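Biologist: Please take a close look at one loop of this model and say what its side chains do. After that, carry on to the ligand site and to the cysteines.

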Amino acid sequence: MSLIENVKIKARADIKKIVLPEGDEIRTVKAASIIRDEKIAVPVLIGDPSKVEATAKEAGADISGIEIIDPLTSEKAEGYASALYEIRKNKGVTEEDAKNIVKDPMYFGIMMVKTGDADGLVSGAVHSTGDMLRPALQIIKTAPGTKVVSSCFLMDGLKEDIGHNGLLVYADCVVMPCPTAEELAHIAVSAAGTAKKLCGIEEPKVALLSFSTKGSAKHELVNKVAEAVEIAHTLAPDLELDGEMQFDAAIIPEIGASKAKGSSVAGHANVLVFPDLQAGNIGYKITQRLTGCDAVAVLQGLDKPCNDLSRGCSVEDIVATVALTAVQAQ
Ligand code: ACO
């Protein structure tokens with residue numbers, strides 16, 4: 001069974017309310033209809049109801065029974081504006097600004113999640129990654145014990161002998177352009193948590209990647225990864241985590257055994273942490289395009305789950321991301 005099929009089963013076991021701020025977008029209404037029919041979550045569409053209904057009609061999607069909320073007329077808007085003002089007043093946001101900000105469906109949806117009126121949010125079929133991320137970072141903020149919000153790509157359908165039965169977790173491929181050693185350590189620990197929660201990997205084996213394995217090359221970039229390994233060990237002493245190591249040393253047992261003798265992670269890693277966003281983003285796209293594997297992204301480290309879609313996403317991608325978000329919310 002694929003990762004997403006498993007995640008859908010988990011989502012159905014404890015149904016969560018997931019808000020979709022791009023309610024008048026054609027793939028989103030189709031996805032909402034499937035999510036309701038398959039009982040993956042309770043979807044809520046944000047937007048002008050007449051536009052949402054017209055989009056659904058055009059899409060041939062039955063959205064009857066799905067809640068549609070218009071931020072311009074919602075009775076919740078005032079309370080959300082007050083809450084947003086309290087959160088952002090020290091950043092120069094006035095009460096008047098806050099009233100205007102919550103008229104934006106993206107911010108309205110984020111306030112639903114912040115206040116507990118929804119359990120999670122999925123957006124990005126229309127918004128860019130930055131425009132989706134910023135409200136979540138500003139308002140939902142990081143979970144206790146985590147210093148950074150980052151991401152994982154769940155790479156499913158690789159060769160069976162790679163990672164966890166053909167599944168690898170890649171971090172961070174979306175959020176942090178240039179993490180410090182401390183931030184990299186937090187990304188690694190969060191990624192292990194994501195691997196457990198969403199992928200059923202009971203014992204994550206986390207490799208921090210570099211162009212060097214255990215001191216084979218000397219460079220300040222290598223030092224940063226080695227330092228991150230040290231910090232991660234103090235953050236999560238029981239986690240199987242090692243580095244710095246090259247990609248082949250991380251996933252190929254014979255190479256891991258020869259380049260990183262005695263490491264229980266080398267050769268058997270199922271969570272791969274890239275040293276920066278350029279490497280991570282390029283790395284996941286190379287893997288996806290050359291192997292044809294499934295690649296689905298989730299954010300990690302947020303206090304409540306919000307996830308980003310690619311603007312090129314399919315209806316099935318939205319359904320899958322909602323299922324993942326619902327499980328994160330459990
Ligand atoms: N974790 C926690 N908080 C953060 C993080 C983070 N990683 N990054 C920013 N913040 C906080 C800031 O502290 C700030 O909080 P404050 O306003 O309360 O003080 C708030 O978020 C906004 O931060 P800024 O630095 O002003 O936001 P910025 O404009 O730099 O945007 C962003 C942050 C959007 C994450 C930026 O780093 C970015 O654009 N990242 C790359 C996104 C991207 O393009 N990814 C690749 C494409 S996606 C794909 O291919 C699938």
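Modeller: Lys218 sits in the loop that joins strand E7 (205-209) to helix H9 (220-235). The model is a predicted one, and what follows is computed from its atoms. The relative accessible area of Lys218 is 73%, and because exposed means over 50%, this lysine is classed as exposed. Its side chain does have a partner: a polar atom of the Lys218 side chain lies 3.2 Å from the backbone oxygen of Gly215.

Next comes the ligand. It is surrounded by 19 residues, and the closest of these are Arg88, Lys91, Val149, Val174 and Asn281. By type, the shell consists of 10 nonpolar residues, five charged and four polar. Three valines place backbone atoms by nitrogen atoms of the ligand. For Val174, a backbone N or O atom is 2.7 Å from a ligand nitrogen. For Val149 the corresponding distance from a backbone N or O atom to a ligand nitrogen is 2.8 Å, and for Val175 it is 3.0 Å. On its own the ligand would expose 1,000 Å², of which the protein buries 62%. Two elements each give two or more residues to the shell, namely helix H7 (129-140) and helix H12 (277-291). Helix H7 supplies the largest share, with five residues. In terms of domains, domain 1 (3-141 + 304-329) and domain 2 (150-294) each contribute at least three residues to the shell.

That leaves the cysteines. The structure has zero disulfides, and two of its cysteines show why. For Cys152, the closest cysteine sulfur belongs to Cys199 and is 7.7 Å away, which is too far for a bond because a disulfide requires the two sulfur atoms to be within 2.5 Å. Cys152 is also buried, with a relative accessible area of 0%. For Cys293, the closest cysteine sulfur is that of Cys173, at 11 Å, so this pair is too far apart for a bond as well. Cys293 has a relative accessibility of 6%, and since buried means under 20%, it too counts as buried.

To put the parts side by side: Lys218 is exposed in its loop, whereas Cys152 and Cys293 are buried, and the ligand has 62% of its area buried by the protein.

Notes
Residues numbered from 1 in each chain as written. Predicted model: local features only at pLDDT ≥ 70, side-chain atom pairs only at ≥ 80, totals over all residues. Heavy atoms only, no water. Near = heavy atom within 4 Å. Polar contact = N/O pair within 3.5 Å; in protein donor to acceptor, adjacent residues only side chain to side chain. Areas by Shrake-Rupley, 256 points an atom, 1.4 Å probe, with all protein chains shown as cover. Helix = DSSP H or I, 4+ residues; strand = E, 2+ residues; numbered from the N terminus. Nonpolar A, V, L, I, M, F, W, Y, C, P; charged D, E, K, R; others polar. Domains from an automatic or database assignment. Buried < 20%, exposed > 50% of the residue type's maximum accessible area, 1.4 Å probe, protein only.
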